[in-house]
Amino acid sequence: MIAVGYFAQKVGFFGKDFSNSLSKLIMKIALPLAIFNSMLENFNPTVLSKLGAGLIYVIIAVAIDYVIAFLLTRVFRVPRGKRGLMIQAFAGANTVFIGMPLNNALFGTSAIPYLLVYYIVNTIVIWTVGVWVIANDDPTVNGRNDNVKFDLSHLLPVPLYGFIAALPFIYIEPLKHFYMNLTFLSNTFVPNMGALVTPLSLIYIGIMLQQFGLKNMKFDRHISLTLIGRFVISPIIMTIVILVGAHALGFELTSVFQKTLIIQSATPTLAVLPIMANEYHGDVKFATNVVVSSSVLFVIVVPIVMILQSAL
């Protein structure tokens, strides 16, 4: 499906605004419905209460990612304009367009709420800490950048609406029963629309890879360091946090929950990194290179991560 998106874009099947429209369809319609349906099918109040431990693990792991990334940029003397981008590429994941279809393929739709835990933390951190880190690395500004633009709309993204809308149905049994009896919704519209997430996301990835251009995939020590951070250090940190939490604190997650968090911690870096680089005068070519390289190499990384985490 990625190849279909790539070559269809290459031969001109899609207009210049098609990728933006496809992104909106996934983010604002298909994904919220997929989350809503998965929540109703696989979760009850008892299971839902156990998501809190995973949320804490992700917060701790991402915080450690930022600290290690910051130290690495100092040790390797990464220049201004790249430092903030490298830190954010290290810690920020492409949870929806790559993480979601991958998670569905590996664990099924029942794991969507587990992915949502990572997505919530990842999204909030990217649009608060991440923006601040990149903005204050602006090479055109001496010292602190007071023109940091926090887009507060990102703190409650549309996909979370599916999660929020599902909560009353989970906690109020008569409401859920009433909804399930509306078969034109519960058995047709929502499952089918939600099922669009994986194929459309994979096609979108192919389009993005073609638009970024594989020729932009060039490796130097800064790119290599960033990729090691995203694909090696980040999942190792997540694994350690989960194991320590389970054995030392007794907060053990289900096997699928553990694997979901580890896989998400090893997904490619966020696709909007070049846009953020351009906004704050960072190295756009470096940001684009990181996005393309991590997206392409991810197909090699996934099987390795799955083999290693099978020991959990």
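How many helices and how many strands does the protein chain have? Display the whole chain as a cartoon and keep in mind that this is a predicted model; the protein chain has 15 helices and zero strands. The radius of gyration of the protein chain is 20 Å, close to the 20 Å that the globule rule gives for 312 residues, so the chain is as compact as a globular protein of that length.

Stay with the whole chain for a moment and turn it slowly. Along its principal axes the C-alpha trace spans about 60 × 55 × 40 Å, and 51% of the 312 residues count as buried. If you take the contacts between residues at least 6 apart in sequence, 83% of them join residues that are at least 24 apart. Switch on the surface next: the protein chain exposes about 14,600 Å², of which carbon and sulfur atoms supply 68%.

Now colour the charged side chains, of which 19 are positive and 12 are negative, with the centres of the two sets lying 7 Å apart. The count of salt bridges comes to one, and to find it you should select Arg83 and Asp137, whose side chains meet at 3.5 Å, N to O. This pair links distant parts of the chain, since Arg83 belongs to helix H5 (residues 83–91) while Asp137 sits in the loop between helix H7 (112–135) and helix H8 (159–171), 54 residues apart. Are these two partners buried or exposed? Arg83 counts as buried because its relative accessibility is 19%, which falls under the 20% cut-off, and Asp137 is buried as well, with a relative accessible area of 6%.

Move next to Lys215, in the loop between helix H11 (197–212) and helix H12 (221–248). Lys215 is exposed, with a relative accessible area of 67%. Add Gly12 to the selection and compare the C-alpha atoms: Lys215 and Gly12 are 203 residues apart along the chain, and these atoms are separated by 19 Å.

The last two stops concern the backbone angle phi. Most residues other than glycine have a negative phi. Select Arg77, in the loop between helix H4 (51–75) and H5, where phi is near 50 degrees, a positive value in a residue other than glycine. Arg77 is exposed, with a relative accessible area of 74%. Finish at His281, in the loop between helix H14 (273–279) and helix H15 (284–309), where phi is positive too, near 60 degrees. His281 is partly exposed, with a relative accessible area of 46%.

Technical notes: Residues numbered from 1 in each chain as written. Predicted model: local features only at pLDDT ≥ 70, side-chain atom pairs only at ≥ 80, totals over all residues. Heavy atoms only, no water. Helix = DSSP H or I, 4+ residues; strand = E, 2+ residues; numbered from the N terminus. Rg over C-alpha atoms; globule rule 2.2 N^0.38 Å. Buried < 20%, exposed > 50% of the residue type's maximum accessible area, 1.4 Å probe, protein only. Contact = heavy atoms within 4.5 Å. Areas by Shrake-Rupley, 256 points an atom, 1.4 Å probe, with all protein chains shown as cover. Lys, Arg positive; Asp, Glu negative; His and termini not counted. Charge placed at Lys NZ, Arg CZ, Asp CG, Glu CD. Salt bridge = Lys/Arg side-chain N within 4 Å of Asp/Glu carboxyl O.
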